[in-house]
Amino acid sequence: MSEGAYQRLWESSHVILQELLDQEQPLLEPVPYRERQSFQYRLASLYLHYLGLLRRFDTIYDQMVQPQKRRLLRRLLDCVAGRVLELKDELVRADLCENPCLDRVLQDLKLTPADLEVPIPKYFLLEQSTAVRERGLILAKILSRLEPESSQKSFIGMHRTEAIILVQKAERARQGRLRATFMREIRRDEEQDRRIREDGWHKFSQCQAAVTIQKVWKGYLQRKRTQQDRRTEMEFIGMLPSPNQVEHLSIISQACLWEDVRRLRQVEKEEEFQAAMVKAHDSLAETEGPDMKEKMKEQIRQWFIECHDLTGRFPDYPDASSGGSYSIFADKTPEQVRMELEMQVQENKKKEQEKSNEKGKDEKKKNKKGKEEKAKKGEVDAVLQVLPSKCIPMISAGHEEYLNTWKNQCESIQPSQNYDSETLREEKRKEVELEIRIQVDELMRQELRNLRLVVDKEEERPLRAPKKTPGKKTGRKKEKDLTPNRSVESLYEELVISGLLRKSESVALKDYVGDFLYLGSALSLAKKLPMPSLFDIRQNVALYAVLRLGSPDIHAMAPLIRSILLVGPCGMGKKMLVKAVCTETGANLFDLSPGNLLGKYPGRNGAQMMVHIVFKVARLLQPSVIWIGNAEKNFYKKIPKEDREMDPKRIKKDLTKALRLLTPGDRVMLIGTTSQPQLAEIRGLCRVYERILFMPRPDYASRYGHILQAIQSVLSERRFLQLSKRPLVACEFLGQLAKLDPVYREEEESLKKTIGGNVWSSAGKGAGNHQEMHLGPSHLISLRVGACKDHRGIRSPLTGTSRPHWARRA
């Protein structure tokens, strides 16, 4: 696609964005609970449209070259991703299910399951490539020092290119020897024919001539076949590329070449834009700065005089934290100042009226108590309402910027995708004005002090500090740094040496193969709880982990999720998903599995120091993933004899404290994996892990993942070339299929019973049985989000009210 095509795609995307912004306002209005299905449908439709918009913005941002447009696209891309995560959270709260069924919405919108796939922005890895490469080199250097010297002497490593050249030399030598043998035989035959011709020429009969011609023709055909077989052999051993491969490689190389050219152009245009910003800032500060400064001074002096004439005293100058003169000065006239004073008088009168109306508050309190009693009896209907969004204001601001700046701009003005100088100067003019205003405020504060001393004969009045509400603590509790004198490099090396920081294997999230659940809505209508599919697991991992860890802006806007627990039988790909999260985001992988902690950091304070160092390095080298395998061991009900030596519960308290200190700016996530949650104390497990994802056996639609794995292992390239002589038989696949670990039905049922029953009883204790509530493992998260305040009922995650009889269903 050309640059103009992406410009048209950008324009159409903003048309869709305007429609979505128009649909946001009705969602803020409360909806009765009886209309829950229509409310869920509207949420799901909006969620799918924002997913498509995220995919569009990701494509445009990756292909666009113009630096100013890319900055706006980046903000819109992050904000839309944040809104997708907010809507996912709202869907969970509305449906009381971690995996809401969207097949009916997909069908109505004429979309496919591919449109439900969560797009991972390409800039995640592009911007992290340099840091990931440097960390990889440092990690490899540390690991190389740990290898014993004997192993280094016994085996000398060889580069792959050198090994290929060595194999090619040996193969060419073998072929040369064979070719010399063939040529020796050919020369011998030619010598015999020459001797026969020298002995005497005689006439051939018709039969002899036919046989001679046949020999020549058959020799020609055989030489052609031999040449073709030789070429096939060379292609098979990788010495020559196949014709299809040559064409395919040429197309790929050409595409990669254009992609590299586009990346270079993006970097060049960005560097030009950075230099132009510095130049424009210096030029405006030199040419327009003095005039701005004098104009601000005159306006502020005039404001001093007008306020003194009206009130008889000079005003208080606001401090820098409240914005300085910008917060109160906007070309105000004396009439506006007079109106502000009158407003203050009216506010004082309102305060007096409020004091006189204190008597009526007692009656209101009585009415509130009566309503609460009715709510407990189930007489008040609950309502559904979407929480206020952090992303919508920023999306609206970006959309307005596009409409005002870029919508009507002709593309012929920048055919080479250079920056727009007028737009740049306008942006820098605001920055220069803000910088000059800070300087002017300092000068005018001193001038105001002098005026008060000369005119009013009074000292400067101290500004009143804001009143602090007693009993409320501001901010979060800071963690005590146990390693204040240690550098990050030394802590990093210590974790690598101790085996707590590992090199993650490269695994793409798309390699976790699983299909969509096409009958989820039908099962729900039949009052059968649909189990999550592998597609749902892949989607939730992308939403809860990859999108949040990939960008600091998305992490700050999205609802905070600190930890995830993957629960499922062995062989379901839990570790694979952990590696995929690290690969897609370029995150560090820390291993705090109980089996990995044996003999490390002993003593009472050892566990505290270990957890502190891990979380400190994880925060300083974001993004980071802290993995705990066999997570149930940290919360054993009763520690088995074979595990008492490792003391698996020793980091339990420190882990909980460290997680609480994570804020929206910390791209650190704890991911636990377990196949035996029934051995753990469920209440403690739920207190640490905020999202628990159940991974069932592959269904019929997702079973082809293991089948494909078996076929690929059997049908190697060598076996594929042998098909004409030796056809495939079914018994060849039995060996590979037998190597796959089975998931027994009893094991899965035990997991479902543990997650669905025990967690329900711990989250909503005394509220009833999970089967009565038609809830199961996929509803686990919502139950934990809406845990009851007391034992009289379940606290609704949507309204905050106690859910009465209408929550129960067959």
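Leaving aside residues up to four places away in sequence, which residues does S13 touch? The answer is L53, R56, F57 and I60, where contact means heavy atoms within 4.5 Å. This is a predicted model, in which local features need pLDDT of at least 70 and side-chain atom pairs count only at pLDDT 80 or more, while totals for chains, interfaces and linings use all residues. Residues are numbered from 1 along each chain as its sequence is written, and side-chain values use heavy atoms, with hydrogens and water left out.

**The chain as a whole**

- The protein chain has 27 helices and 10 strands; these are DSSP runs numbered from the N terminus, with helices being H or I of at least four residues and strands being E of at least two.
- Of the 810 residues in the protein chain, 40% are buried. Buried means under 20% relative accessible area, exposed means over 50%, and partly exposed is in between (1.4 Å probe, protein chains only).
- Among contacts in the protein chain with a separation of 6 or more, 82% come from residues 24 or more positions apart.
- About 48600 Å² of the protein chain is exposed, and carbon and sulfur atoms supply 54% of that area. Accessible areas come from the Shrake-Rupley method with a 1.4 Å probe, and for residues only the protein chains shown count as cover.

**S13 and helix α1**

- S13 sits in helix α1, which covers residues 3–27.
- Is S13 buried or exposed? S13 counts as buried because its relative accessibility is 0%.
- A polar atom of the S13 side chain lies 2.7 Å from the backbone oxygen of L9. A polar contact is a pair of N or O atoms within 3.5 Å; within protein, one must be able to donate a hydrogen and the other to accept it, and residues adjacent in sequence count only if both atoms are side-chain atoms.

**Nonpolar cores**

- The largest nonpolar core has 85 residues, and those with the most contacts inside it are W10, Y47, Y50, F57, L116, I395 and V625. Such a core is a set of buried Ala, Val, Leu, Ile, Met, Phe, Trp, Tyr and Cys residues joined through side-chain atoms within 4.5 Å.
- Not counting neighbours within four places in sequence, Y47 is in contact with V84, L87, K88, L91, L102, L116, V118, Q539 and L543.
- Another core, of 42 residues, lies apart from the largest one and has Y601, V611, F615 and A658 among its members.
- As background, nonpolar side chains tend to be buried together in soluble globular proteins.

**Aromatic rings**

- A search of the whole structure finds nine aromatic pairs. Rings of Phe, Tyr and Trp (its six-membered ring) pair if their centres lie within 6.5 Å; planes under 30 degrees apart count as stacked, over 60 as edge-to-face and the rest as tilted.
- F304 and Y317 form an edge-to-face pair, because their ring centres are 6.1 Å apart and their planes are at 70 degrees. The pair links distant parts of the chain: F304 is in helix α10 (residues 289–311), and Y317, 13 residues apart from it, is in the loop between α10 and α11 (334–356).
- Both partners are buried, with a relative accessible area of 1% for F304 and 8% for Y317.
- F516 and Y518 are also edge-to-face, because their ring centres are 5.4 Å apart and their planes are at 90 degrees. Here F516 is buried at 5% relative accessible area, whereas Y518 is partly exposed at 46%.
- Y61, Y123 and F124 are linked into a cluster by ring pairs.
- Charges join in here: the charged end of R70 sits over the ring of Y61, 4.3 Å from its centre, and that of R74 sits over the ring of Y123, 3.8 Å from its centre. A charge sits over a ring if NZ of Lys or CZ of Arg is within 6 Å of the ring centre and within 35 degrees of the ring normal.

**Helix α15**

- In helix α15 (residues 488–498), the residues L491, Y492, L495, V496 and S498 are buried.
- Their cover includes α5 (123–146), β3 (501–502), β5 (588–591) and α20.
- G499 follows α15 and has a positive phi, near 80 degrees.

**Backbone details to check**

- The peptide bond from Q622 to P623 is cis, with omega near -5 degrees; P623 is in the loop between α20 (604–620) and β6 (624–629).
- N630 has a positive phi near 50 degrees although it is a residue other than glycine. N630 lies in the loop between β6 and α21 (652–660) and is partly exposed at 37% relative accessibility.
- D647, which is not a glycine, has a positive phi of about 50 degrees. D647 is in the loop between β6 and α21 and is partly exposed, with a relative accessible area of 38%.
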